[in-house]
Amino acid sequence: MSKAPAAKKRSRSGSTKKTKSSESDLFAFADAGVNQKMTVEEKLSCFTEMVRIRKFEQAALQAYQKGRMGGFLHLYIGQEATAIGTISVTGENDHIITAYRDHGHALAVGMNMNECMAELYGKYTGCSKGKGGSMHFFAPDKRFWGGHGIVGGQTPLGLGLAYALKYKGIEGCCLCYLGDGAVNQGPFHESLNIAGLWDVPIIYVIENNGYSMGTSQKRSSAHPDEGLAARAEGYKIDWDRINGSNLYEVRAKTAAAVARAHKESRPTVLEVMTYRYYGHSIADANHHRYRTKEEIRHYQETKDPINVWKNILIEEGHLTEEKAKEIDAEAKAEAKESIRFAEESPFPPAFELLTDVYHSVDNPGTHTNEGKIFFNDRLPFETR
Amino acid sequence: MAIITYRQAIKDALAEELERDENVFIMGEEVAEYNGAYKVTEGLWKRFGDKRVVDAPISEAGFIGLGIGASLLGLRPVIEMMFFSFVYVAWDQAVNNASSMRYMSGGLMNCPLVIRGPANGGTNVGATHSHTPENLIANFPGLKVVVPATPADAKGLMKSAIRDNDPVYVMESTVLYGNEGEVPDEEEFLVPIGKADVKREGSDLSIIAHGRSVLESLKAAEKLKKDYNIDVEVVDLRSIRPLDEETIIKSVKKTNRALLVEENKPFCGVDAQVSHLIQRRAFDYLDGPIHRLSAVDAPAIYSPPIEKIQLPDADVITREVLEMLQVKA
């Protein structure tokens with residue numbers, strides 16, 4: 001196949017201009033409006049929040065390996081700047097929805113470690129009463145709509161959240177996250193078409209960690225040279241590509257997309273180039289087969305988003321190594337406490353199997369409903 | 001009471017609910033400017049405008065998922081399937097997301113969503129367009145499914161479905177759209193979801209049916225009365241999930257015989273569940289085995305005269321009742 005012709009300069013997006021690179025200049029996006037306005041507290045908070053995600057997941061990993069929880073555990077470690085950077089530029093009318101690698105987003109929107117850890121343990125004190133598990137965290141009061149297990153299945157849901165905002169005349173948007181493996185699912189393309197067609201204020205954030213489970217991007221996706229987000233051009237949607245190691249860049253480019261959604265009610269596709277240090281899930285014991293230890297080490301040593309941000313803050317004079325260690329120790333203690341909380345919490349009582357299935361059952365008298373709705377001849381537990 | 005068609009009854013329900021609640025909107029293929037592939041939404045776009053009646057591209061997964069997402073923020077989308085057979089391309093959205101989200105969030109959210117459209121065979125459109133998936137939908141805890149047979153039930157159930165706070169599937173029938181019937185005039189005419197209706201009282205045998213099979217059963221009942229002096233009771237389920245177990249059991253305890261009729265395929269069809277319920281709760285009242293009539297167990301055939309044979313009609317129902325009562329035809 002011949003080499004594709006050089007990409008034309010695009011007017012709608014800055015992604016192909018390559019005027020700035022945070023890969024060679026850590027401060028390339030420091031002068032973006034949204035970053036200039038950042039207070040020292042906000043900068044430190046972003047650092048603390050990223051560290052909290054990492055410590056939470058490291059604690060969860062240990063508990064998982066001790067057999068304290070079931071199912072899958074998809075770790076976000078290595079990708080922290082994406083959730084923290086993007087969510088830190090959202091406002092009170094902006095909504096969040098993501099896929100199954102959802103712990104980072106959950107903590108980023110303000111869910112606490114205890115409810116999240118307890119959910120991993122399947123405990124009654126979990127954010128979903130132990131009914132959802134690792135892949136299904138929710139906090140509608142924080143405008144966080146999950147936590148979705150089926151690859152790409154959340155992409156039309158995010159579209160609907162954004163559609164509802166527009167329908168109600170609210171100046172807001174929805175940030176809908178997906179992995180690089182989800183870009184080949186049909187519903188994502190259906191959603192892009194509708195978003196482009198109807199001017200829906202949605203921002204699709206492709207968190208490209210290079211692997212859709214064990215299959216590298218190269219082996220799974222046909223796409224233009226500029227990357228996966230460039231597929232958006234087929235739907236006349238603006239797009240951009242982001243260095244996911246640099247929080248300034250994540251924030252600057254997300255803020256531009258949020259402004260586009262708020263002011264023009266137009267969608268954006270963002271592709272964040274990032275990396276996960278662990279397997280697809282912890283059950284993915286083969287992750288050293290499809291990539292080398294050197295590749296992982298290279299990212300950890302040169303592109304780790306927490307280290308990069310720490311170096312930026314040290315250089316700016318807002319942080320010291322000692323202070324960073326303190327923050328690290330505090331997050332570690334908080335995560336340890338969440339383990340204790342989860343360990344000591346009760347499992348849900350068996351009658352909870354049959355609650356939260358139907359709104360009409362949980363709220364008698366609010367519907368014109370009659371009849372039998374659950375069909376077990378006999379239940380293996382006492383009913384309330 | 002006005003006499004209107006099944007189609008008009010649904011249209012009236014949609015119009016009244018659009019008028020009543022600004023969070024209600026209709027979305028689907030050809031529902032707006034084209035006036036609906038089966039004219040159920042005819043005139044609604046002109047009356048309510050672009051925001052409330054929305055033509056969607058042919059993207060069922062996209063716009064069903066959109067409807068679920070929008071319902072989380074309090075909108076009440078009414079999504080039209082041009083044929084219910086098309087829901088299969090959106091299966092993950094329609095059953096997995098719609099049924100699980102409330103549960104997986106521990107009750108933090110709910111999806112007030114209606115998915116409606118025709119689900120029937122008998123129109124010579126071949127196997128891919130002739131599905132009756134009410135049994136499949138009913139298999140998902142979290143979803144509700146209703147199947148109105150008459151104009152009044154179509155209107156009353158549609159209005160209840162739109163006001164419901166759970167996802168409700170309303171399965172209509174292109175064969176019934178032109179049928180006329182009496183419909184109460186009052187605006188607040190609601191048929192409760194989960195309430196069966198005894199469409200004909202009788203003492204000799206209970207026919208339990210839903211959808212078009214109710215009408216075929218009623219025809220058979222008239223013939224059985226006229227020609228054989230047999231009094232058949234016809235119970236219209238109307239709602240599949242929730243299911244009105246009490247009305248079913250009461251009828252069987254009265255007549256001591258049950259014939260279950262549906263256009264579903266037999267294996268794990270709705271009547272497999274009804275049959276289980278009857279033997280479980282009324283075993284000692286039965287004077288003979290429960291009989292079932294379903295669609296002939298093959299994909300829907302195209303050939304028009306043969307497709308007629310594939311679905312249970314009044315003649316087949318009549319013969320089955322005579323056999324059950326050991327009466328010579």
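Domain bounds here come from an automatic or database domain assignment. The model is predicted. Work through the exercises with the structure open.

**Exercise 1. Find the domains of chain B and state how far apart their C-alpha centres lie.**

Step 1. Split the chain. Domain 1 of chain B covers 2-183, and domain 2 covers 197-324.

Step 2. Take the C-alpha centre of each. The two centres in chain B lie 26 Å apart.

Step 3. Repeat for chain A. Its domain 1 is 9-345 and its domain 2 is 349-384. There the C-alpha centres are 36 Å apart.

**Exercise 2. Describe the contact between domain 1 and domain 2 of chain B.**

Step 1. Count the residues in contact, with heavy atoms within 4.5 Å as the cut-off. Domain 1 of chain B brings 27 residues and domain 2 of chain B brings 24.

Step 2. Add the area. About 2000 Å² is buried between these two domains, and carbon and sulfur atoms give 56% of it.

Step 3. Ask which residues of domain 1 lose the most area to domain 2. They are N124(B), N135(B) and V147(B), which together make up 24% of what that side buries.

Step 4. Look for polar links. There are 14 residue pairs in polar contact between the two domains, both residues at pLDDT 80 or more.

Step 5. Place the domain 1 side on its elements. Those giving two or more residues are α5 (134-138), β6 (144-146) and α6 (151-163) of chain B.

Step 6. Sort that side by class. It has 13 nonpolar, eleven polar and three charged residues.

**Exercise 3. Find salt bridges in chain B and check their distances.**

Step 1. Recall the principle. Side chains of opposite charge can pair when their charged atoms come close.

Step 2. Set the cut-off. A side-chain nitrogen of Lys or Arg must be within 4 Å of a carboxyl oxygen of Asp or Glu.

Step 3. Test K199(B) and D153(B). Their closest N and O atoms are 2.7 Å apart, and the pair forms a salt bridge.

Step 4. Count across the domains. The rule finds two salt bridges between domain 1 and domain 2 of chain B.

Step 5. Test E188(B) and R163(B). Here the closest N and O atoms are 2.8 Å apart, again in a salt bridge. This pair links distant parts of the chain, 25 residues apart. E188(B) sits in the loop between β8 (180-183) and β9 (197-200), while R163(B) sits in helix α6 of chain B.

Step 6. Widen the search. The whole structure has 54 salt bridges over all chains.

**Exercise 4. Describe how chain B meets chain A.**

Step 1. Count residues. Chain B gives 61 residues to the contact and chain A gives 50.

Step 2. State the area. The chains bury about 4600 Å² between them, with 61% of it on carbon and sulfur atoms.

Step 3. Name the top three on chain B. L73(B), Y103(B) and M104(B) supply 17% of the area that chain B buries against chain A, more than any other three residues.

Step 4. Find the charged pairs. Three salt bridges cross this interface. Among salt bridges, one joins the side chains of D362(A) and R102(B), at 2.7 Å from N to O.

Step 5. Count polar contacts. There are 33 residue pairs between the chains, both residues at pLDDT 80 or more.

Step 6. Ask which element gives the most to the side of chain B that touches chain A. The element is α3(B), with ten residues.

Step 7. Sort that side by class. It holds 28 nonpolar, 18 polar and 15 charged residues.

**Exercise 5. Locate the unusual backbone angles.**

Step 1. Start from the rule. Most residues other than glycine have a negative phi, and most peptide bonds are trans.

Step 2. Find the cis bonds. The bond from G146(A) to G147(A) is cis, with omega near 25°. G147(A) lies in the loop between α5 (113-120) and α6 (155-167) of chain A. The bond from R241(B) to P242(B) is also cis, with omega near 0°. P242(B) lies in the loop between β12 (239-241) and α8 (245-255) of chain B.

Step 3. Check phi. N35(B) is a residue other than glycine, yet its phi is positive, near 75°. N35(B) lies in the loop between β2 and α2 (44-48) of chain B.

Technical notes
Residues are numbered from 1 along each chain as its sequence is written. Chains are lettered from A and ligands numbered from 1 in the order in which they are written. This is a predicted model: local features need pLDDT of at least 70, side-chain atom pairs count only at pLDDT 80 or more; totals for chains, interfaces and linings use all residues. Side-chain values use heavy atoms; hydrogens and water are left out. Buried area is the accessible area (1.4 Å probe) that two parts lose on being put together, summed over both. A polar contact is a pair of N or O atoms within 3.5 Å; within protein, one must be able to donate a hydrogen and the other to accept it, and residues adjacent in sequence count only if both atoms are side-chain atoms. Helices (H or I, at least four residues) and strands (E, at least two) are DSSP runs, numbered from the N terminus. Ala, Val, Leu, Ile, Met, Phe, Trp, Tyr, Cys and Pro count as nonpolar, Asp, Glu, Lys and Arg as charged, and the others, Gly among them, as polar.
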